[in-house]
Amino acid sequence: MGTPERPRYIVYNVADESSPVRGTDDDEPGPRPRGGPGAALCLSGGGFRATLFHAGAVLRLNELGLLRTLSRVSSVSGGSITAGMLGLAWKRLDFGPDGVARNLVAEVIEPLRRLARTTIDIWAIAVGALVPTITAAGRIEAAFRTVLFGDASLADLPDDAHGPRFVINAANVQSGALFRFSRPYIADARVGLNRATGSVPLARAVAASAAFPPVLSPMVIDFDPKDFEPGPGSDLHQEPYTSRVVLSDGGIYDNLGLETVFNSHETILVSDAGVALQAQGAPAEGWARHGFRAAELLLSQTVELRKRQLLAAYEQKRRMGAYWGIRSSLASYAKNAPGLAPLGFPSDLVMALAGTPTRLAALEGPHQEALIDWGYTVCDAAIRAHVLPDAPRPARTPFRTIDEGHPS
């Protein structure tokens, strides 16, 4: 499969005025790089479960020649770990004439697996509790820096002319808006736009995106107020919003990472490692646990609203692309695409993988491989059913999980 030329400036007018999604991908005036023949890829939150599930999807997108044509990658939480590593490694990826990177496993997948072999959330919480000057979010940043990102900053991500724009999303607890980290700028629709991205470590941006409340949150970042430029809707362009930003996990605002792509891209691919809210026959009635359950319900409905919006846009042909989730049924893709013949994956194994806790906790090798293989399998089914119907069926999953049994 050849690699299409990347157009320099193509502006899509695809905004939907009835959409609950704000136009937070439209901070700068004038034309700027857009999707063209490429697509936007969204990577959801979900701890290391999401990191590895998305790694499998990225493997299959690469084999299909789609990874090279992406124009934007939008991520939250565990998905931002995958996106951050992919973005940092992009300049080193060896893309052949067919648009397939030959060294993706060595440059991206293996580093992610090294990180996922280590428990970092419990230690971050413990150190944060014992040492008041060290926050849990700060410890997460330190772990990301040590294992994955080193001293890289946002300026080390690819520019728009040489790769997709990587947008790492966090939630601004002060403004109530999405706070976005990217190479061109850092932005909050209500606070403004900051182009001093070389001073922000990539590890800090990813840690902010993954600062799950209440135990890993907040991530507090100090800025020079003079670096923020006001925008059309920047009603909070003032201190303390421009000098000390208080951030939490991007998933509490938009766990699919849709907001930064929905109004600018016609083709949207969504990899969702989030899990559905489980029913409780006897929910807690004490105020603390009952309040936590109510918060879970609110978050679940926010995610479902965005998901329904996306699926409706696909159905009504207002957007192209595909959605795949960690609980998706392979049979549903085969039903919509006769002759698809997806790779086999037993449903009980799928449910076991979906039940992986939403944590930054160590996962054993077979468990990691099963998550990667499942992300690869369901991504393949979704893409061949809805995007590339003539693409060849893969011979097997990367780690042959089905041959090797369930993860430990």
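Biologist: What makes the meeting of the Arg306 and Glu259 side chains a salt bridge?

Modeller: This is a predicted model, and in it the two side chains come to 3.2 Å, N to O. The cut-off is 4 Å between a side-chain nitrogen of Lys or Arg and a carboxyl oxygen of Asp or Glu, so 3.2 Å qualifies Arg306 and Glu259 as a salt bridge.

Biologist: Which parts of the chain does the pair link?

Modeller: Distant ones: Arg306 is in helix H8 (residues 287-315), while Glu259 is in the loop between helix H7 (251-254) and strand E10 (267-272), 47 residues apart. Both Arg306 and Glu259 are buried.

Biologist: How many salt bridges does the structure hold?

Modeller: It holds 17. One of the contacts is a network that links Arg60, Glu63, Asp380 and Arg384.

Biologist: How do you know that Asp121 and Arg359 meet in a salt bridge?

Modeller: Their side chains are at 2.9 Å, N to O, and that is within the 4 Å limit, so the name fits.

Biologist: Why do you say this pair ties parts together?

Modeller: Because Asp121 lies in helix H4 (residues 121-130) and Arg359 in the loop between helix H10 (347-354) and helix H11 (365-386), parts that are 238 residues apart in sequence.

Biologist: Is Asp121 buried or exposed?

Modeller: Buried: its relative accessible area is 6%, and the cut-off is under 20%. Arg359 has 34%, so it falls between 20% and 50% and counts as partly exposed.

Biologist: Staying in that loop, why is Pro357 called exposed?

Modeller: Pro357 lies in the loop between H10 and H11. Its relative accessible area is 52%, and exposed means over 50%, so it passes. Pro357 is also 7.4 Å from Arg49, C-alpha to C-alpha, though the two are 308 residues apart in sequence.

Biologist: And what makes Asp98 and Arg102 a salt bridge?

Modeller: Their side chains meet at 2.9 Å, N to O, which is within 4 Å, so they qualify. Asp98, at 25% relative accessibility, is partly exposed because it sits between the 20% and 50% marks. Arg102, at 53%, is over 50% and so counts as exposed.

Biologist: On to the rings. How many aromatic pairs does a search of the whole structure find?

Modeller: Seven. Among them are Trp90 and Phe95, 5.2 Å centre to centre, with 50° between the planes.

Biologist: Why is that pair called tilted?

Modeller: Because 50° is neither under 30 degrees, for stacked, nor over 60, for edge-to-face. Trp90 is buried too, since its 4% is under 20%.

Biologist: What makes Phe179 and Phe223 a pair?

Modeller: Their centres are 6.3 Å apart, within the 6.5 Å limit, so they pair; at 40° between the planes, they count as tilted. Phe179 lies in strand E4 (residues 178-181) and Phe223 in the loop between strand E7 (219-222) and strand E8 (228-229), so the pair ties together parts that are 44 residues apart in sequence. At 0% and 11% relative accessible area, Phe179 and Phe223 are buried. Together with Phe181 and Phe228, they form one aromatic cluster.

Biologist: How do you know that Arg319 sits over the ring of Phe262?

Modeller: Its charged end is 4.2 Å from the ring centre, and the distance limit is 6 Å, so that part of the test is met. Arg113 lies over the face of Phe399 at 5.0 Å from the ring centre, again within 6 Å.

Technical notes: Residues numbered from 1 in each chain as written. Predicted model: local features only at pLDDT ≥ 70, side-chain atom pairs only at ≥ 80, totals over all residues. Heavy atoms only, no water. Buried < 20%, exposed > 50% of the residue type's maximum accessible area, 1.4 Å probe, protein only. Helix = DSSP H or I, 4+ residues; strand = E, 2+ residues; numbered from the N terminus. Phe/Tyr/Trp six-rings, centres within 6.5 Å; stacked < 30°, edge-to-face > 60°. Lys NZ or Arg CZ within 6 Å of the ring centre and 35° of its normal.
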